[in-house]
Every structure is written in structure tokens, then in C-alpha cells.
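Hi everyone, thanks for coming. Please have a look at the structure on the screen, and I'll walk you through a few places in it.

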Amino acid sequence: MEDRVTLAQALAFLRETVALRAQEIDQSIDAMRDALAAMCDQGLMALKRPEAYGGPDMPESEFRVFQVESARASGAFAFLQTQHQSAVALMSRSDNEDLKREYLPKMASGERLVGIGFSQLRRPGEPIMRAEERDGSYVLNGHVPWCTGFSFYPEFLIGAQLPDGRALFAVVPLVSQPGVVVSEPMKLAAMETAQTVTIDFDNFVVPAEKVAFIREPGWIQNNDRINVALQGQFAVGCARAALDVIAENRDRRSTEFLVSSYEALKVQVDRAQDLLEGFVGVTSEESTPARLAARVEAINVMQRCAFAAVASSSGAANYLSHPAQRILRESLVFTVSAQTGPVMEGTLSRLT
Ligand SMILES: Cc1cc2nc3c(=O)[nH]c(=O)nc-3n(C[C@H](O)[C@H](O)[C@H](O)COP(=O)(O)OP(=O)(O)OC[C@H]3O[C@@H](n4cnc5c(N)ncnc54)[C@H](O)[C@@H]3O)c2cc1C
């Protein structure tokens with residue numbers, strides 16, 4: 001059994017191994033690979049894994065702190081590792097005991113690494129990724145528009161719609177092979193080293209043993225409603241990274257308005273984080289508008305902090321080696337990741 005990991009250990013790892021190399025991780029796939037390997041070596045890749053499969057079953061409030069600090073250390077690294085952490089959390093809720101026994105014990109050390117690809121379930125209209133039952137197995141056809149972790153994760157948890165509107169979730173390859181075509185990694189403005197691809201399936205057969213679960217029609221909309229505030233932690237982490245840059249500029253240039261700008265933004269970031277923390281474990285329907293507002297607030301304060309980091313760094317912010325422009329680019333992804341219609345509407349309404 002792996003040593004039990006703690007939040008303190010995870011935070012020390014982020015500070016000592018990730019934050020110091022954030023610029024390199026942003027630009028180099030090898031640096032990203034090294035950081036991920038180090039996280040695997042420390043057994044930190046399955047923080048939400050239940051005790052029965054090795055733990056540490058990190059309490060939700062601690063896990064949220066980890067998410068904030070991961071995005072503060074490096075947005076690209078946070079984004080890559082969170083795909084696998086999400087797969088762990090989702091697979092832990094599977095009824096397929098054999099699958100859980102096969103995967104979960106090996107997911108903290110990275111012996112098994114699994115991405116996720118189910119954002120296509122959010123799209124209205126004809127499903128673009130379909131599954132059909134055949135003789136107890138499932139045949140997959142269609143397109144996954146986003147899957148992060150190519151070349152790091154050999155497999156991913158796919159979401160595909162069944163003819164009756166339910167969604168099948170199964171572990172499938174993230175490597176081209178008969179019936180599976182993985183695209184070249186996308187050229188992206190931000191987080192390119194996390195290697196995001198599209199995947200096309202053509203009559204690919206998934207055996208029942210790889211099926212994690214089948215969810216009722218509308219599951220993703222309900223899940224997005226329940227979890228609407230959760231992604232906000234990444235925005236807060238990105239805002240904190242921007243504050244770190246502003247603080248450095250404040251200490252370097254003795255200008256009163258940098259002191260007051262930092263203080264004013266910090267109060268708002270603290271408030272946004274407190275607001276999100278207040279909703280940990282809250283999933284009621286009545287609280288949805290308030291939780292949505294908290295997510296939108298986190299996105300908005302992140303956007304303002306990211307631009308403030310650029311302004312306070314002046315021309316140097318344009319160097320590819322400068323953290324301010326990296327953080328601004330990372331804020332692009334955290335503006336839209338797991339975006340739903342209401343999140344888009346709220347984000348735009350704050351900007352307009
Ligand atoms: C760099 C990057 C990496 C990513 N990696 C992953 C990954 O690894 N795994 C993963 O699952 N996802 C991933 N995503 C997807 C991400 O979560 C999506 O950006 C998000 O789900 C929004 O979907 P979309 O960008 O495809 O936009 P859209 O399909 O346009 O959807 C945006 C929202 O608007 C709503 N909407 C769209 N059209 C309409 C309409 N006509 N009427 C009403 N509502 C509408 C949709 O329901 C959805 O909620 C990644 C995204 C990026 C940018």
C-alpha cells in the first residue's frame with residue numbers, strides 16, 4: 001500500500017516541483033512529462049480515491065484548496081492532472097467492481113492513467129458521439145471534440161449517447177488503432193503542452209468490462225447544475241497566480257498605486273474563494289443561482305487580475321518567458337472549461 005498522502009504534501013509538491021518550473025511546463029512537453037512523473041512518484045494522482053481502493057479520500061474542502069493551489073502553480077499542469085483526478089472520482093462511483101479493482105488501486109501512482117472526454121454530451125441537438133448495445137458490448141461511432149492528455153494518458157473515460165438518450169461512460173483507448181483515430185495535438189494559445197486532441201470512433205467495440213456506468217438522460221445538465229461552482233476554484237487559482245505577479249511588481253517598483261491595486265484585487269479574490277468554499281457540499285436546486293453567481297464572479301475576478309498582472313508588468317509582459325502573459329493565456333481556458341449555457345451568459349453579462 002502506498003504511503004498515505006496529505007494536503008500538506010500535495011501543496012509542497014506544487015510549490016517545490018511545479019510552480020518553480022511553470023514557464024518551462026507551459027512551453028515544453030518534456031517538462032510537463034517530468035512534472036507529471038514526479039506527481040505519480042509521490043502517489044498524488046488519486047486524491048479523491050475511496051479508502052477501499054487505497055485512499056486518501058481527501059475531504060472535499062481540502063481537495064478544493066488543492067485545486068486552487070494547482071492552478072496557481074501552473075494552469076497547464078493543473079488542467080492536465082485534473083482530467084485524471086476527475087476520472088478517479090467518476091470511476092469511484094461505478095458499480096463495476098471488476099473495473100474499479102483493476103484501475104483504482106493503480107491510479108495514484110500513475111500505473112494507470114486515464115483522461116476524460118465527455119464535454120460533447122453538453123451539446124444540444126443530434127449527438128455527435130453515439131453508443132449502441134450489441135450482444136452485451138457497445139459499439140461507438142462519432143466524434144469527441146476535446147480530450148486533454150494525449151501521450152500522457154493511454155486511455156480516457158468517454159461519454160457517448162445511447163439511442164434512448166442515456167449516456168454510456170466507458171474506458172477507451174487514447175491511441176489510434178482500428179476504429180479509433182486520434183488527431184494531432186491541437187495548436188493552442190494556452191496549455192498546449194497538456195496535449196489536447198479530438199478522437200473519431202468508427203464501429204469501435206467496447207466490452208462490458210470497460211463500462212463504468214450508464215446515466216439517465218440529461219445527466220450532464222444535472223451534473224453541471226450540481227457542480228456549477230466547482231470549476232470556479234481553477235479561476236481563483238489563476239487569479240492568485242496573477243496576484244503573485246502583481247505583488248512581485250509592487251515589491252520591485254515602489255509605486256503607491258501598485259500597493260493599492262494589489263490590496264483591492266486581493267480582497268476580491270479572497271471574497272470569491274470564500275464564496276465558493278461556502279458552497280462545498282451544497283447541491284440544492286434553490287442554491288443553483290447563487291452557486292452560478294459564485295462561479296461567474298470567480299471567472300470575472302480572474303480576468304481582471306490577469307489583465308492587472310499584464311499592466312503591472314508593462315512591456316515585459318509580452319516576453320514569452322514572462323509569467324503575466326502565460327497567466328493571461330491560462331485564463332482563456334479557465335473562462336470556458338466546463339462552460340455551460342448559463343455560465344457563458346453570466347460571464348458575458350459581467351463583461352457587458
Ligand atoms: C484546451 C481545452 C481542453 C479541453 N479538454 C477537455 C477534456 O479533456 N475533456 C473534456 O471533456 N472536455 C474538454 N474541454 C471541453 C470544455 O470543457 C468545453 O470547452 C466546454 O464543455 C464547452 O464546450 P465547447 O467549447 O465545445 O462549446 P459549445 O459546444 O458551444 O458549448 C458551450 C455551452 O453552450 C451550450 N450551447 C451550445 N450551443 C447551444 C445552442 N445552440 N443552444 C443552447 N445552448 C447551447 C452547450 O450546451 C454548452 O453548455 C476542453 C476545452 C479546451 C478549451
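**A short tour, from a loop to the ligand**

Let's start with serine 109, which sits in the loop between helix H6 (97-103) and strand S1. Keep in mind as we go that this is a predicted model. Is serine 109 buried, partly exposed or exposed? Its relative accessible area is 27%, and because partly exposed covers the range between 20% and 50%, serine 109 counts as partly exposed. The side chain of serine 109 has a polar atom 3.4 Å from the backbone nitrogen of glutamate 111. Serine 109 also has a partner from another part of the chain: leucine 44 is 65 residues away in sequence, but the two C-alpha atoms are 7.0 Å apart in space.

Next, another serine in another loop. Serine 321 is in the loop that runs between helix H10 (288-313) and helix H11 (323-336). Serine 321 has 55% relative accessibility, and the cut-off for exposed is over 50%, so serine 321 counts as exposed. How far apart are serine 321 and aspartate 26? In sequence they are 295 residues apart, and from C-alpha to C-alpha the distance is 9.6 Å.

Now to helix H12, residues 341-351, where we find methionine 344. With a relative accessible area of 40%, methionine 344 is partly exposed. Methionine 344 joins Leu348 and Leu351 in a nonpolar patch on the surface, and together they have about 290 Å² of accessible area.

Finally, the ligand. How many residues surround the ligand? There are 20, and the closest are Ile116, Arg122, Arg123, Thr148 and Ala338. Sorted by class, this shell has 9 nonpolar, 9 polar and 2 charged residues.

Several backbone atoms come up to oxygen atoms of the ligand. For arginine 122, a backbone N or O atom is 2.6 Å from a ligand oxygen. For alanine 338 the distance is 2.9 Å, and for phenylalanine 118 it is 3.0 Å. On its own, the ligand would expose 950 Å², and the protein buries 72% of that.

Which elements give two or more residues to the shell around the ligand? They are helix H5 (75-92), strand S1 (114-117) and strand S3 (137-148). S3 provides the largest share, with 3 residues. And S1 takes us back to where we began, since the loop of serine 109 lies between H6 and S1.

Thanks for listening, and do ask if anything was unclear!

Technical notes:
Residues are numbered from 1 along each chain as its sequence is written. This is a predicted model: local features need pLDDT of at least 70, side-chain atom pairs count only at pLDDT 80 or more; totals for chains, interfaces and linings use all residues. Side-chain values use heavy atoms; hydrogens and water are left out. A residue is near a molecule or strand if one of its heavy atoms lies within 4 Å of it. A polar contact is a pair of N or O atoms within 3.5 Å; within protein, one must be able to donate a hydrogen and the other to accept it, and residues adjacent in sequence count only if both atoms are side-chain atoms. Accessible areas come from the Shrake-Rupley method with a 1.4 Å probe; for residues, only the protein chains shown count as cover. Helices (H or I, at least four residues) and strands (E, at least two) are DSSP runs, numbered from the N terminus. Ala, Val, Leu, Ile, Met, Phe, Trp, Tyr, Cys and Pro count as nonpolar, Asp, Glu, Lys and Arg as charged, and the others, Gly among them, as polar. Patches are made of residues with over 30% relative accessible area and no salt bridge: like charges are joined within 9 Å, nonpolar side chains (Val, Leu, Ile, Met, Phe, Trp, Tyr) within 5 Å. A salt bridge is a side-chain nitrogen of Lys or Arg within 4 Å of a carboxyl oxygen of Asp or Glu. Buried means under 20% relative accessible area, exposed over 50%, partly exposed in between (1.4 Å probe, protein chains only).
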